[in-house]
Amino acid sequence: MRVTKIWVRLLILATGLVVPVLMLVYLLAAEQSGAIQFAAAERRGVEYHAPAWNVLRRMTEHRTLAAMVISGNNDKRDAMLAKQREIDAAFVKLAETDARLGEEMKTKELLQGVESSWTALKGRLGQNESMDLQALMAQYNQIVYDMGRVITKMGNHSNLILDPDIDTYYLMDATLVALPQTQDRLVGIEMLGQELLRSEKIGDAHRMKLAVAAALLKEADVDRTMADVQTSLNEDQNFN
């Protein structure tokens, strides 16, 4: 170094200082880019969730109406058919979203199966509305279950399920997991109530079913959702 020219020494010194700075800048940019991509995937997940939830919600409502019609309540036929048209329109919206995002969310094949099951179920309802109620409910339950799988898969592949911030994580849990579960349980309770109204008396088995449903609705649904929402609101000020 003693025989090295001053400008060479300065170049070596500058290089020694600049290289670490450039590495830090690169790592910071890479981290920020990853965070941006993570958030963009979450936004696409939110975009997909809205039409998927609309299908699921209307499907559970249609299930209740169809059960009433098949049980002999013809006053609900027009409401059932109107809800059926709402489901068809909701599927159109979801299909449009899935055409853009289905490859990324890995939902395309599963959603096509749900649509096929819904078409088959509508056909059975149109041909024979006096079909066995239990068999009909089994078909509905499978469709509702598969729609839940669509939403779950979307959450897994859109990073929503991996949200690292406390406020938005609990908001995700409420909308992605708790509320669909609550919707399905409410329909089950409503159908149990209809069954009791058709019965001549309420037996111990019915009372047990109601007690279990009420306990699950409170602890697994209402308490969980309220806790999620409250935590999300409390933590929001710490992240925004």
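1. Let's start with T64, which is found in helix α1 (residues 6–70). Helices here are DSSP runs of H or I with at least four residues, numbered from the N terminus. T64 counts as buried, at 4% relative accessibility; buried means under 20% relative accessible area, exposed over 50%, and partly exposed in between, with a 1.4 Å probe and protein chains only. Setting aside neighbours within four places in sequence, T64 is in contact (heavy atoms within 4.5 Å) with V187, E190 and Q194.

2. A word on how to read these values. This is a predicted model, in which local features need pLDDT of at least 70 and side-chain atom pairs count only at pLDDT 80 or more, while totals for chains, interfaces and linings use all residues. Residues are numbered from 1 along each chain as its sequence is written, and side-chain values use heavy atoms, with hydrogens and water left out.

3. On to the charged pairs. The structure holds 14 salt bridges, a salt bridge being a side-chain nitrogen of Lys or Arg within 4 Å of a carboxyl oxygen of Asp or Glu. One of them joins R57 to E61, with the closest N and O atoms 3.5 Å apart. R57 and E61 are separated by about one helical turn, because they are 4 residues apart in helix α1. R57 is partly exposed, with a relative accessible area of 24%, and E61 is partly exposed too, at 25%.

4. You may also like the pair R58 and E86, whose side chains meet in a salt bridge at 3.2 Å, N to O. This pair links distant parts of the chain: R58 sits in helix α1 and E86 in helix α2 (residues 77–105), 28 residues apart. R58 is buried, with a relative accessible area of 19%, whereas E86 counts as partly exposed at 32% relative accessibility.

5. Which residues are linked with R57 and E86 in a network of salt bridges? They are R58, E61 and K83. Points 3 and 4 therefore describe members of one network, and among them R57 and E61 lie in helix α1.

6. Lastly, have a look at R224, which forms a salt bridge with D173, the closest N and O atoms being 2.8 Å apart. R224 lies in helix α6 (residues 204–239) and D173 in helix α5 (residues 166–198), so this pair ties together parts that are 51 residues apart in sequence. Is D173 buried or exposed? D173 counts as buried, at 11% relative accessibility, while R224 is partly exposed, with a relative accessible area of 28%.

Terms used
Helices (H or I, at least four residues) and strands (E, at least two) are DSSP runs, numbered from the N terminus.
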